[in-house]
Amino acid sequence: MRTKDQNTSFQFSTGVILYPVLFVLLMWLVFWFELRFGYNFTDFGVLPRTFSGISGIIFSPFIHSGLSHLWHNSVPILVLMGGLFYFYKPVAWRVLFVLILISGLGTWLIGRQAYHIGASGVVYGLASFLFFKGIWSKHYRLTAFSLIVVFLYGSLIWGTMPIQEGMSWEGHLSGFLGGLLLAFLIKNKIPKPAKYHWETEAYNPENDPFLRQFDEHGNFIDLPEESDEDLEEDINA
């Protein structure tokens, strides 16, 4: 018997699918607008340590250099944001907004002098948060999802290092560290591991209907049958 219905912590809602789809749709609309009308929004990206580049902290996740760049960010955003809004719904918007700020600001502070664009920093932040929060929560569902995240996107860790020219490893690293920081700081409204009746301080083994069927030596005792009302009273005692 559980002391709390854990199923209420994870309930599917339209936002689990709708919000990630809208986020990705905005990314694709920006890319389509550039192609259709001949614009190039790269100048709206993060340009480190410049006043004009500050706006890129908000705009850069929706700007991509090409179809391949856009596609490789779209799928992880759908998967990771979906997981965020399903498993961490009470704090999902806060986590997403802060990750955008941290990944962008970190890039602005430590990035090389070039325009940094793309949602990769957000992807790294989401993957980092979902992994570390799931492990630290000790909740079996959250831990299981964190293992799925590391299985699907564990290789992303190499993207936090300057091993490929033209890749914004600074944005990746900023997002990764931001997710780690949020996983450590955000503790309220996170589902707790399930507690059973015998794990609570109020539990008295002498009132347990199951244990009363055995003596102090562990031998089975054939007790007279009790009504459902009596059993309920014993459990709640």
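**Reading the helices**

Reader: What is the make-up of residues 12-33, and how far apart are the end C-alpha atoms?

Author: Over residues 12-33 the chain is 86% helix and 0% strand, with 33 Å between the end C-alpha atoms. Bear in mind that this is a predicted model.

Reader: What does the UniProt annotation "transmembrane region" cover?

Author: According to the unreviewed UniProt entry, residues 12-33, 70-88, 95-111, 117-135, 142-161 and 167-186 carry that label. An annotation like this may be inferred rather than shown by experiment. For residues 167-186, the model gives 85% helix and 0% strand, and the end C-alpha atoms are 30 Å apart.

Reader: What makes up the secondary structure of the chain?

Author: Eight helices and zero strands. Read from the N terminus, that's α-α-α-α-α-α-α-α.

Reader: How much of the chain is buried?

Author: Of its 237 residues, 41% are buried. As for contacts with a separation of 6 or more, 76% of them link residues 24 or more positions apart.

Reader: Why is helix 5 called roughly parallel to helix 7?

Author: Helix 5 (residues 120-137) packs on helix 7 (residues 169-185) at about 30°, and their axes are 7 Å apart. Angles under 35 degrees count as roughly parallel, so helix 5 earns that description against helix 7. Their crossing is right-handed.

Reader: Which residues of helix 5 and helix 7 make the contact?

Author: Helix 5 brings S120, G121, Y124, G125, S128, F129, F132, K133 and W136, while helix 7 brings G171, H172, G175, F176, G179, L180, L182, A183 and F184. Sorted by class, this contact has nine nonpolar, eight polar and one charged residues. If the polar number catches your eye, remember that Gly is counted as polar here.

Reader: And why is helix 4 called oblique to helix 7?

Author: Helix 4 (residues 92-110) meets helix 7 at about 140°, with the axes 8 Å apart. The cut-off for roughly antiparallel is over 145, and 65 to 115 is roughly perpendicular. An angle of about 140° fits neither, so helix 4 is oblique to helix 7. This crossing, too, is right-handed.

Reader: What makes the contact of helix 4 and helix 7?

Author: From helix 4 there are V95, V98, L99, I102, S103, G106, T107 and I110, and from helix 7 there are E170, G171, S174, G175, G178, G179 and L182. By class they divide into six nonpolar, eight polar and one charged.

Reader: How do you know whether H172 is buried or exposed?

Author: Check its relative accessibility, which is 8%. Buried means under 20%, so H172 counts as buried. H172 lies in helix 7. Leaving out residues up to four places away in sequence, H172 touches S120, G121, Y124, G159, T160 and M167. S120, G121 and Y124 also belong to the helix 5 side of the contact with helix 7.

Reader: Why does S146 count as buried or exposed?

Author: Put the value against the cut-off again: S146 has 0% relative accessibility, and under 20% is buried. So S146 counts as buried.

Reader: Where is S146, and what does S146 touch?

Author: S146 sits in helix 6 (residues 140-153). With residues up to four places away in sequence set aside, S146 touches L130, F131, G134 and I135. I135 is eleven residues from S146 along the chain, and their C-alpha atoms are separated by 6.6 Å.

Conventions. Residues numbered from 1 in each chain as written. Predicted model: local features only at pLDDT ≥ 70, side-chain atom pairs only at ≥ 80, totals over all residues. Heavy atoms only, no water. Axes fitted to C-alpha atoms, helices over the stretch in contact; angles between N-to-C directions. Helix = DSSP H or I, 4+ residues; strand = E, 2+ residues; numbered from the N terminus. Left-handed = near helix turned anticlockwise from the far one by under 90°. Contact = heavy atoms within 4.5 Å. Buried < 20%, exposed > 50% of the residue type's maximum accessible area, 1.4 Å probe, protein only.
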